[in-house]
Amino acid sequence: MICQRLSPSVKTVKIFEDFNENYLDIFQHSQGINSHLNPDRVRITYPGVGAAFAKKSRQLEHFSVAFLVDACHFFDACQPHWRWLHLRSLALTSRMMCKDNPLPIRRILEAAAQSALHMPELETMTVWNGAKGEACAFTWCRQDASISWRGTWDFKLHPSVIQDWKKVAYKYARHEFTVNEELLTQEIRSHGDAIQYLGLHSVVDDVSLRQIRRENNCG
Amino acid sequence: MPDWLSLPPEVRAIILKLLIHHDKIAPYATVSKEWQSVIEKKNFGHLKLHPSSLNSLERLAEQQQGLVKHIWLNIELKRYTCQSCRRIESITSIYANNKIMAEAIMRLYFILANWKQNGGGLTLELNAYSPSDSEHWFQGCYFGAPGEVIGSECPPQRGLLTTAIHYPTHGFWYGTPTDDALRRPFEPTTLNFQEELPSVQAVTKFLLRRPCRRQLDPLTLSYLWAKLPQLGEVLYEPWQLSERPSQDQWDSGKKPHLDSSSHKTNHLNYRLRKYDLSETFAERQDGQNIRGF
């Protein structure tokens, strides 16, 4: 797996697995002679890949991976005795974080808080999702001692999630803990729009983001 | 008339700052040592190299090497015509393109192996594209080919329709491509290097961005990274593979099965049977067309 042979000198890893939903729609409806090869409409990720990256993340300072790994696999693999002594920023996606799926969202964010308790240097954590028509992001910011939810549908963070993150704030932040919730009203035409309107510019190269939006939104 | 050195240093700095915003300023480096230093710093800072320029890279003096912050090796792959643009790549094309990529990367690693670490770090970026990618079903997409500019209101390459060797009725504007046409640029790629790659101490950052549709497999990528012992940062933007069997294999970390019952082997055999001759023929025609153009 790609992360296993990374030199120990590597401190920053940013991985963004791109896709184009127009292509995926065509694959989905194709009757071509090689259609048995066609990819899934929504990427199905392997728990083993999430686990390998979780293990590797303990050596990193900045880690962002989009779509190649699911946050639920990442946090599932985290062991109670693990410590992330250097990790300062973490950004993950989960395809489970979508409308009408409040329970998995709650589970992921609770697990994220459990891991964050063992990340003494962590400044920001973002767990997000984005595709045509839907976008959401949960963000922890230590400087503001805040958790924020931004999404394209009405959503309230579960009290147990708020409680778990309050413990993280109590342990590592200096300000009073705050919770923000915001409804996104922009039209999300692609995962590129999701990144743009969620303000997650650090998860992908900035030129790449402009290309993604142009290719997807004009196609 | 006052000469250059009679101007106050602040004024000279303003003039030089304005100068480096222009392109093609290399000839002015001969004006003076001061101009040379400023111009070389700009010109060598970010190098976008076609594999044919690697000889020039090899000739850079040690002082100039120290000015280089970013090397983008932009590997041009074989062209293809309408006779094969609706099909997945043939085995002969895969081998030929992989050979082009492996040789270019190997040459770059051997050149950079002699470079010293410089204080500011060195970024190594790889890209591979076929000039034909944007001429068929992917008009308006970014492949990293020379001349692409993001930010202009017009998507790139549509103008090429008038000069390219193909029928103009391609692209999403004109209809739906076949799934094999969609798969074509995203070929999963395993590179075999003729020699063991040397260790490159100078590179501190590795970049492979989304314009590179050709997908290097995890083993190849890990091997490239393993040869960069000072690597501190990786930015990697692959694509979801357009072949589920390869995606499963890459995710699970399993090596390809070599028995004849495996999916991938069947798939490869399928390519050999169905496409090899027709595409070889198409490429020959392609060559003739280009020569006659």
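This talk goes through the sheet, the cores and a few parts of chain B in a predicted model.

I start with the sheet. It is open and has 12 strands, and the pairing is mixed. The order begins β7(A)-β6(A)-β5(A)-β4(A)-β3(A)-β2(A)-β1(A) and continues with β7(B)-β5(B)-β3(B)-β2(B)-β1(B). In that order, β1(A) stands beside β7(B). The edge strands are β7 of chain A, residues 178-183, and β1 of chain B, residues 46-49, each of which pairs on one side only. From one strand to the next, the twist averages 10°.

One pair in detail. Strand β3 of chain A, residues 89-93, runs parallel to β4 of chain A, residues 124-131, and five bridges join them. Within this pair, Ala91(A) is opposite Thr126(A). Helix α4 of chain A, residues 102-116, packs on the sheet and touches β4, β5 (134-141) and β6 (146-151) of chain A. The direction of α4 makes about 155° with that of β4(A).

Next, the cores. The largest nonpolar core has 96 residues, and the members that touch the most others are Phe75(A), Met125(A), Trp165(A) and Leu57(B). Which helix gives the most to this core? That is α5 of chain B, residues 91-112, with nine residues. As for Leu57(B), leaving out residues up to four places away in sequence, its contacts are Leu47(B), Leu49(B), Ile71(B), Leu108(B), Ile111(B), Leu112(B) and Trp115(B). There is also a second, separate core of 35 residues, with Leu24(A), Phe27(A), Ala145(B) and Phe186(B) among them.

Now chain B as a whole. The chain has nine helices and seven strands. Of its 293 residues, 52% count as buried. Its accessible surface is about 14,400 Å², and carbon and sulfur atoms make up 56% of that. Taking contacts in chain B with a separation of 6 or more, 75% are between residues 24 or more positions apart.

Two helices of chain B to finish. Helix α7, residues 218-226, is mostly covered, with seven of its nine residues buried. The buried ones are Pro218(B), Thr220(B), Leu221(B), Ser222(B), Tyr223(B), Leu224(B) and Trp225(B).

In helix α8 of chain B, residues 244-252, we find Gln247(B). Is this glutamine, Gln247(B), buried or exposed? Gln247(B) counts as buried because its relative accessible area is 7%, and the cut-off for buried is under 20%. Apart from residues up to four places away in sequence, Gln247(B) touches Gln240(B) and Leu241(B), and also Glu17(A) and Arg43(A) of chain A.

Notes: Residues are numbered from 1 along each chain as its sequence is written. Chains are lettered from A and ligands numbered from 1 in the order in which they are written. This is a predicted model: local features need pLDDT of at least 70, side-chain atom pairs count only at pLDDT 80 or more; totals for chains, interfaces and linings use all residues. Side-chain values use heavy atoms; hydrogens and water are left out. A nonpolar core is a set of buried Ala, Val, Leu, Ile, Met, Phe, Trp, Tyr and Cys residues joined through side-chain atoms within 4.5 Å. Buried means under 20% relative accessible area, exposed over 50%, partly exposed in between (1.4 Å probe, protein chains only). Helices (H or I, at least four residues) and strands (E, at least two) are DSSP runs, numbered from the N terminus. Contact means heavy atoms within 4.5 Å. Accessible areas come from the Shrake-Rupley method with a 1.4 Å probe; for residues, only the protein chains shown count as cover. Two strands pair if DSSP finds at least two bridges between them. Axes are lines fitted to C-alpha atoms, for helices over the stretch in contact, and angles run from 0 to 180 degrees between N-to-C directions.
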